[in-house]
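Welcome! Please take a look at the sequence and the model below, and then we can walk through a few of its features together.

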Amino acid sequence: MTQTVPAAPPPSPTRPERRLVLGVQHAIAMFGATVLVPILVGLSPSVALFGAGLATLIFHLLTGGRVPIFLGSSFAFIAPTALVVKEMGPGAAAGGLIAAGAMYLLFSGLVKLFGTDRLLRVFPPVVTGPVIIVIGLGLSSVAVNEAKTNWWLALVTLAAAVVASVYGRGLFRMIPILIGVVVGYLVALATGQIGSEALNAIGAAPLLGLPDFHAPALDWRAVAIIAPVAVVTFIEHVGDVIVNGRVVGQNFLQNPGLSRTLFADGIANMSSAALGGPAATTYAENTGVLALTRVYDPAILRIGAVFAILFGCSPKLAAVLKSLPQGVLGGVSILLFGMIASVGIRTLAEARIDFAHSRNLIVVSLILVLGLGGAAFPIAVGGTTLTLSGMALAAVVGIVANLLLPAQRAEVDGVPTEAERVIH
């Protein structure tokens with residue numbers, strides 16, 4: 001399956017200061033969600049930042065540096081990880097997350113054995129397009145919930161990012177997210193939106209300091225609770241790699257190959273967990289930055305990963321970023337998540353999906369409604385109940401519907417059927 005290459009992107013910036021600024025932008029884009037997960041489950045945000053940066057560098061190393069993907073804290077593991085941390089401790093949670101990473105290695109071997117082409121046949125554009133839309137719009141509630149804490153601040157941030165993207169020149173056009181965050185933060189400072197407690201925390205935090213790492217522990221109960229979630233995140237991985245490839249205009253499922261990206265994701269996940277951090281996963285936020293800036297150089301993501309590690313090793317920098325108001329994060333998230341959904345719409349348009357056929361309407365409708373409507377299906381696996389929802393549910397529903405519903409003949413003579421238009 002080939003992927004249509006979009007208009008040629010601007011040349012990757014070669015000046016070191018520009019690359020550094022673009023890297024900082026990626027680090028900031030992943031920051032909010034990456035630190036939120038450990039806060040929710042009872043782990044260290046600093047370890048999460050360090051682990052995310054390390055996981056990203058390992059992923060790039062193992063995939064030959066071809067895929068411009070950033071790895072951050074996974075939301076899919078929140079419920080089981082929080083349960084294990086509460087009942088068995090953070091060490092047991094780390095052991096369970098390492099086992100989940102090992103599941104990725106198993107999936108990688110299966111893909112290597114049976115081939116990627118068989119998988120691609122169940123991911124045609126009529127499935128991947130709406131699934132990408134679900135990825136973007138499924139996160140829209142996160143953006144709105146952040147923005148509604150202070151709508152005017154969110155709108156100021158959003159406006160600054162939009163103006164920089166549309167009217168900016170040179171470097172300013174490449175870093176709209178960073179400009180939006182800086183403008184929003186300065187406005188928040190000037191209007192007293194950042195509390196004295198946050199400012200005191202910034203002043204008191206030391207400039208340098210290692211995160212509070214802790215070793216994993218093997219507890220088979222934790223493994224049984226956490227590891228099966230990898231079945232769900234495997235589907236998310238495929239979807240995220242497809243989205244990233246669509247944005248960049250390359251087929252990463254073929255080169256470096258799905259088996260290789262799965263293997264790299266598994267090792268990266270295990271490395272983050274071994275330090276005591278949450279599970280790492282491919283991040284839609286950074287794919288949104290790629291879509292917005294059209295700067296696809298994977299080296300920029302690696303620079304962002306280094307900054308994430310530095311954030312983890314600098315309590316002062318982490319305190320500054322942690323003080324970002326929710327309104328600022330909401331403003332930039334509205335733009336990022338919307339860009340991802342737009343990529344899904346572009347996927348359907350480029351594939352010339354014929355919505356005059358009821359089959360295509362049904363497949364897309366099922367994916368959108370069940371993926372965005374809050375539907376959740378419990379699945380019992382080895383005494384553990386998993387919940388299939390959101391993007392993972394949308395992908396499963398789309399795959400099954402596409403395989404079961406018969407291909408339809410063209411309703412107008414001379415118009416090729418969908419099967420005849422399949423991109424090989």
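## A buried partner and an exposed one

Keep in mind as you read that this is a predicted model. A good place to begin is aspartate 219, which is buried, with a relative accessible area of 18%; the cut-off for that label is under 20%. Its salt-bridge partner is arginine 221, and the closest N and O atoms of the pair are 2.9 Å apart. Arginine 221, by contrast, is exposed, at a relative accessible area of 53%.

## A link across the sequence

The structure holds 2 salt bridges. Besides the pair just described, arginine 19 and aspartate 297 join their side chains in a salt bridge, at 3.1 Å from N to O. Arginine 19 belongs to helix 1 (residues 16–41), while aspartate 297 sits in the loop between helix 15 (284–293) and helix 16 (298–313), so this contact ties together parts that are 278 residues apart in sequence.

## A nonpolar patch on the surface

Now turn to the surface, where Leu106, Leu110, Leu113 and Phe114 form a nonpolar patch. Together they have about 410 Å² of accessible area. Leucine 106 is part of helix 4 (residues 90–114), and its relative accessibility of 48% makes it partly exposed.

## Two packed helices

How do helix 6 and helix 19 pack? The axes of helix 6 (residues 125–138) and helix 19 (residues 358–372) are 9 Å apart and meet at an angle of about 20°. Helix 6 is therefore roughly parallel to helix 19, since angles under 35 degrees count as such. The crossing of helix 6 past helix 19 is right-handed.

Conventions
Residues numbered from 1 in each chain as written. Predicted model: local features only at pLDDT ≥ 70, side-chain atom pairs only at ≥ 80, totals over all residues. Heavy atoms only, no water. Salt bridge = Lys/Arg side-chain N within 4 Å of Asp/Glu carboxyl O. Helix = DSSP H or I, 4+ residues; strand = E, 2+ residues; numbered from the N terminus. Buried < 20%, exposed > 50% of the residue type's maximum accessible area, 1.4 Å probe, protein only. Patch = residues over 30% accessible without salt bridge, like charges linked within 9 Å, V, L, I, M, F, W, Y side chains within 5 Å. Areas by Shrake-Rupley, 256 points an atom, 1.4 Å probe, with all protein chains shown as cover. Axes fitted to C-alpha atoms, helices over the stretch in contact; angles between N-to-C directions. Parallel < 35°, antiparallel > 145°, perpendicular 65-115°, else oblique. Left-handed = near helix turned anticlockwise from the far one by under 90°.
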